[in-house]
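Reader: Hi! I am new to protein structures, and I would love a close look at one part of this one. Could you walk me through its aromatic rings and what surrounds them?

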Amino acid sequence: MSFTPPKVLVLTGGIGSGKSTFARAFEALGVPCIDADALARTVHQDPAHPATVQIGRAFPQAMAPDGSLARGTLRSVFALDPAANEELKRILRPAVLALANDWTRRQQTPYVVWESALAMDQALPATRVLVVDTSDRNRAARIALRNPDWSGAQVASIIAMQLPRADYLARADDMVENDGTLDDVRALTLQLHHRYTDLWS
């Protein structure tokens, strides 16, 4: 019997929208999930990875002595320079995509979840796109809570460099609003899981 790779549900939304909360809810239902940001860290923290070497050539000021991307530069360098941020994403994207595809091929469920804030502007391949939405005010509050050492300007810069909410929503196959409680998230995720299981089993 031939093996059919799982369908890919890309879970996206702006930073601070609550993607990770929904990803954990999907995982609790037995759906394998990966975080594209975590995959990117495995790349740029590996001094021997070809992508990290390329980053070092392009941004020597952002590298640690061991050849990895220096911690803190994502907000101190790339969050304040849109052109540098785009170049960093361009370098990392193929490596992250290769890791995600390899991981997906090893799963044996009807579908998997790729969590990524950059799914829209990097055109990640997806069977379906689920956008988590909330107000910019909520996003800023959540970012500041997770990163108490960030300034208001850094938070605003991170939000400004991402796509507008309208662009996320325009490209969504499904959308959920994350303005409620954790129980609300779990209930919404269960509804979506039943829908995707029926669709892809």
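**The aromatic cluster**

Author: Let's start in helix α9 (residues 182–200), where Y196 and W200 both sit, four residues apart, or about one turn of the helix. Helices here are DSSP runs of H or I with at least four residues, strands are runs of E with at least two, and both are numbered from the N terminus. A word on the source: this is a predicted model, in which local features need pLDDT of at least 70 and side-chain atom pairs count only at pLDDT 80 or more, while totals for chains, interfaces and linings use all residues. Residues are numbered from 1 along each chain as its sequence is written, and side-chain values use heavy atoms, leaving out hydrogens and water.

Both Y196 and W200 are buried, a word that means under 20% relative accessible area, with exposed being over 50% and partly exposed in between (1.4 Å probe, protein chains only).

Now for the rings. Rings of Phe, Tyr and Trp (its six-membered ring) pair if their centres lie within 6.5 Å; planes under 30 degrees apart are stacked, over 60 edge-to-face, and the rest tilted. This rule gives five aromatic pairs. In one of them, F26 and Y111 meet edge-to-face, with 6.3 Å from centre to centre and 90° between the planes. Because F26 belongs to helix α1 (residues 19–28) and Y111 to strand β3 (residues 111–115), this pair ties together parts that are 85 residues apart in sequence. F26 counts as buried because its relative accessibility is 0%, and Y111, at 2%, counts as buried too. The ring centres of Y196 and W200 are 5.2 Å apart and their planes are at 15°, so that pair is stacked. Together, F26, Y111, Y196 and W200 make one aromatic cluster.

Next, the nonpolar surroundings. A nonpolar core is a set of buried Ala, Val, Leu, Ile, Met, Phe, Trp, Tyr and Cys residues joined through side-chain atoms within 4.5 Å. The largest has 29 residues, and I55, F78, L92 and W114 have the most contacts inside it. At least two residues of this core come from each of β1, α2 (36–44), α3 (50–58), α5 (82–105), β3 and β4 (128–133). The most come from α5, which gives nine residues. Apart from this core lies another, of 17 residues, and here we return to our rings: F26 and W200 are among its members, as are F22 and A25.
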